[in-house]
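User: I'd like a close look at how the helices pack in the longer partner of this pair, and at how far I can trust what I see there. Could you walk me through it in one go?

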Amino acid sequence: MSTTTISWGDLEGLVDALRAAHPRVDPRALDDGELAALVEGLDGFDAASGPSAGPGDYEALRAMWHWGA
Amino acid sequence: MTVAGTELGPPEGVWFGSELLALGVDGFDEGDDLPEEYRELITQVVMVQADLESELVFDSSLLRHNILAAPDPRGRMRMAKFFAEEVRHGYTFWSIAKGLGVELTGRYFREAKRKRQEAFDHIGAVSDWTELAVVNTLTDRMGVFVFKDMSDCSYRPWAKVSLDVARDEVGHTALGYANLREAIERRGELAAAQRWLEKWYPMTLDMFGRSNSARQWRYVAWGIKRSGYEELRQRFVAEVNPLLAQLGLEPPDELYNRHFL
């Protein structure tokens, strides 16, 4: 069981967790709602521990996930 | 939204593929005997895309220019991957143009006095990293809308590539946005970004085409494009404006500095 809290305040940590949980997913094929569902399903994700996401956060998440680093 | 007889919808008697229905076909493949108007229209669609991206197959100066514009190694690595996809698009469009009987050469791109979209010439002159981020945020997002709209194009070779190109453009516009966010939030470039936005927002809206274009409905009638220009433009505005606002940017009025209404 994960003891690490993941939130929108740490985009790189969020992407690392998503990559580990969904290695075959192409984030370019997902809309914001589908990305949100994957984020909320992550072990350790705590929506209350960080800022909530706007449309730009999903776009930045998509970029970080697809382009790496 | 389509409303018959308005700028958002086709005129009476025209719907997606209505001309094909009259011919009793549902599409065409490479090498088929194409109706004259259809050949002209699909060639125009391919050439508009080839005009920008197929040039990359012959001239690497834009790649080098934009990759080196990135402020750090990570940005250069990402732009190199970005251009690998753009070169692949360029080759794909070159190949489809060839299938339509149009042989694009390096000489064509160097010397032809062809009519290009205004924005294409400006894209080649971009040298500022923040401007490039704005360009990718806007024009590559325009590409997403345009290519998704042709994913069931009646010219099957084009339909086959449109969804893949649209998916790549989703990645390109996301990268542009991420770069723009970094420029504003980490390097304090909000004022510069706003200036570039005011340059590129109207040009991007123009790239969708004139609202009263008669040709747009011929594309619909032949099953090449599904939507009219104004409908796509409005969907683009609805999607991009909240993204820009989240960064503190103010999109200009939709009519500001527009050249092709």
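Analyst: In chain B, confidence bottoms out in helix 7 (residues 118-123) of chain B, with a mean pLDDT of 72, and peaks in helix 12 (residues 229-246) of chain B, where the mean is 98. Keep in mind that this is a predicted model. Averaged over the whole of chain B, the pLDDT is 92, and 94% of its residues get to 70 or more. One stretch to treat with care is residues 1-6 of chain B, where the pLDDT is below 50. In the model that stretch still has twelve contacts beyond near neighbours in sequence. Where pLDDT is low, the predicted coordinates should not be read in detail.

Now the fold of chain B. You'll find twelve helices and zero strands, so to speak an α after α from the N terminus on: α-α-α-α-α-α-α-α-α-α-α-α. A compact globule of 261 residues would have a radius of gyration near 18 Å, and chain B comes out at 19 Å, which agrees. Its C-alpha trace spans about 60 × 40 × 30 Å along the principal axes.

Two helix pairs are worth zooming in on. Start with helix 5 (residues 73-99) of chain B and helix 9 (residues 156-185) of chain B: their axes come within 11 Å and cross at roughly 160°. Angles over 145 degrees count as roughly antiparallel, and that is why helix 5 of chain B and helix 9 of chain B are described as roughly antiparallel to each other. Their crossing is left-handed. From helix 5 of chain B, the contact takes in Gly75(B), Arg78(B), Phe82(B), Glu85(B), His89(B), Thr92(B), Ile96(B) and Gly99(B). Helix 9 of chain B brings Pro157(B), Trp158(B), Val161(B), Val165(B), Asp168(B), His172(B), Leu175(B) and Asn179(B). Sorted by class, the contact of these two helices has seven nonpolar, six polar and three charged residues.

Next up is helix 8 (residues 129-148) of chain B with helix 10 (residues 190-207) of chain B. Here the axes come within 9 Å and cross at roughly 25°. The cut-off for roughly parallel is an angle under 35 degrees, so helix 8 of chain B and helix 10 of chain B are roughly parallel to each other. Helix 8 of chain B goes past helix 10 of chain B in a right-handed crossing. On the helix 8 side of chain B, look for Thr130(B), Glu131(B), Val134(B), Val135(B), Leu138(B), Thr139(B) and Met142(B). They meet Ala192(B), Ala193(B), Trp196(B), Leu197(B), Trp200(B), Tyr201(B), Thr204(B) and Met207(B) in helix 10 of chain B. Sort the residues of this contact and you get eleven nonpolar, three polar and one charged.

That leaves the partner, chain A. Chain A has three helices and zero strands, in the order α-α-α along the sequence. With 69 residues, a compact globule would have a radius of gyration near 11 Å, and chain A has 11 Å, which agrees. The C-alpha trace of chain A spans about 30 × 25 × 20 Å along its principal axes. Its average pLDDT is 90, with 94% of the residues scoring at least 70. Among its elements, helix 1 (residues 11-21) of chain A has the lowest mean pLDDT, 94, and helix 3 (residues 55-67) of chain A the highest, 96.

Where the chains touch, 13 residues of chain A are in contact with 16 residues of chain B. The chain A side of that contact divides into seven nonpolar, three polar and three charged residues. For the model overall, the scores are ipTM 0.92 and pTM 0.93.

How values were computed
Residues are numbered from 1 along each chain as its sequence is written. Chains are lettered from A and ligands numbered from 1 in the order in which they are written. This is a predicted model: local features need pLDDT of at least 70, side-chain atom pairs count only at pLDDT 80 or more; totals for chains, interfaces and linings use all residues. Axes are lines fitted to C-alpha atoms, for helices over the stretch in contact, and angles run from 0 to 180 degrees between N-to-C directions. Helices (H or I, at least four residues) and strands (E, at least two) are DSSP runs, numbered from the N terminus. Angles under 35 degrees count as roughly parallel, over 145 as roughly antiparallel, 65 to 115 as roughly perpendicular and the rest as oblique. A crossing is left-handed if the near helix is turned anticlockwise from the far one by less than a right angle, and right-handed if clockwise. Two residues are in contact if their C-beta atoms, placed from the backbone, lie within 7 Å. Ala, Val, Leu, Ile, Met, Phe, Trp, Tyr, Cys and Pro count as nonpolar, Asp, Glu, Lys and Arg as charged, and the others, Gly among them, as polar. pLDDT is the predictor's confidence in each residue, from 0 to 100. The radius of gyration is taken over C-alpha atoms; the globule rule is 2.2 Å times the number of residues to the power 0.38.
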